Amino acid sequence: MSEPIIAFLGTGSMNGSIMSGLLAGGTDPKRVRATTRSAESARKLEDSLPEDQRAVAIYSGEDSDSANLDAVENADVVLLGVKPKGILDLAAEIKDALKDEALVISVAGGIDLSMLEGQLRDGQPVIRSMPNTPSRVGRGVIALAPGTHCTAEQLNLAHEVLKNSGTVIDVEEDQIDAVTGVSGSGPAYAFFLAEAMQKAGEAMGLDAETARLLAKETVSGAGELLHADDADPEVLRKAVCSPNGTTERAIDVFAQGGLIELTEKAAKASAHRNAEMVEEFRR
């Protein structure tokens, strides 16, 4: 098939990040559509796009009651990216406007496949995904759990569409909570570490600007090493830790403070909240 037509319904943090990654990776902007709730959001979105990406069709719900319907007309892939509480209503709104073979991908937490499929026409191919915000710079992780009617060919299409946003993996739906705890919420863990490192630098006498620069570049640089070397994090960590050296002393403090156990507890809390949201939205 020719390059698919892709519709982003809602362009908040997650859907907006994925769209930015796709466009930056070379997806033809003439094949991309997006909806926003307000006219002001539509204007801001257009203004944020580089000149060579301004061919993206942007529809505002404030300007037209049919914005979502217009965006999905003849679309091959539709990404639902509004807040979780609005996903099911959105699915019901667009169901009769979708092509039979249009692939619907939800990026919302807390909405499982059975709920989404229940709001669409019988047989509509659906994928539940768990992306993360580094998709905006092509370094995201996007986990895909295919629904009842999603074929292998359609799953491959999802991989092809999303590949410019980062690493795409397939998981079973019962693994989505764990994915949420590790990678869905994970960027915030790294940002929190950088924030803590900055505060530590300030506490030791560095000015805020210098401490922020050191923390930011160190965390992002370490990520680049993980990516470039494709190495086990433990291997890279041990390579920095000279026996009885400065780094080993710091790592000992982390270990004695229970960092590994605390991180597991935090990831499980994120995963548990995702599972709770599914039950809340199911009622």
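Visitor: How many disulfides does the count come to?
Guide: A disulfide is a pair of cysteine sulfur atoms within 2.5 Å. This is a predicted model, by the way. Go by that rule here, and the number of disulfides is zero.

Visitor: Is cysteine 150 buried or exposed?
Guide: Buried means under 20% relative accessible area. Cysteine 150 comes in at 13% relative accessibility, so this cysteine counts as buried.

Visitor: And what about cysteine 241, buried or exposed?
Guide: Let's use the cut-off again: under 20% is buried. Cysteine 241 has 16% relative accessibility, so the verdict is buried.

Visitor: Which helix is serine 183 found in, and is serine 183 buried or exposed?
Guide: Look at residues 176–184: that stretch is helix H7, and serine 183 is part of it. Leaving out residues up to four places away in sequence, serine 183 touches Asn132 and Val141. Its relative accessible area is 14%, so in helix H7 serine 183 is buried.

Visitor: How are H7 and H12 set relative to each other, oblique or parallel?
Guide: H12 covers residues 259–282, and its axis lies 7 Å from that of H7, at an angle of about 135°. Angles over 145 degrees count as roughly antiparallel, and 65 to 115 as roughly perpendicular. The pair fits neither range, so H7 and H12 are oblique.

Visitor: What do the residues of the contact of H7 with H12 divide into?
Guide: On the H7 side, the contact is made by Ile176, Asp177, Ala178, Thr180 and Gly181. H12 brings Ala267, Ser270, Ala271, Asn274 and Ala275. Sorted by kind, they give five nonpolar, four polar and one charged.

Key
Residues numbered from 1 in each chain as written. Predicted model: local features only at pLDDT ≥ 70, side-chain atom pairs only at ≥ 80, totals over all residues. Heavy atoms only, no water. Helix = DSSP H or I, 4+ residues; strand = E, 2+ residues; numbered from the N terminus. Buried < 20%, exposed > 50% of the residue type's maximum accessible area, 1.4 Å probe, protein only. Contact = heavy atoms within 4.5 Å. Axes fitted to C-alpha atoms, helices over the stretch in contact; angles between N-to-C directions. Parallel < 35°, antiparallel > 145°, perpendicular 65-115°, else oblique. Nonpolar A, V, L, I, M, F, W, Y, C, P; charged D, E, K, R; others polar.
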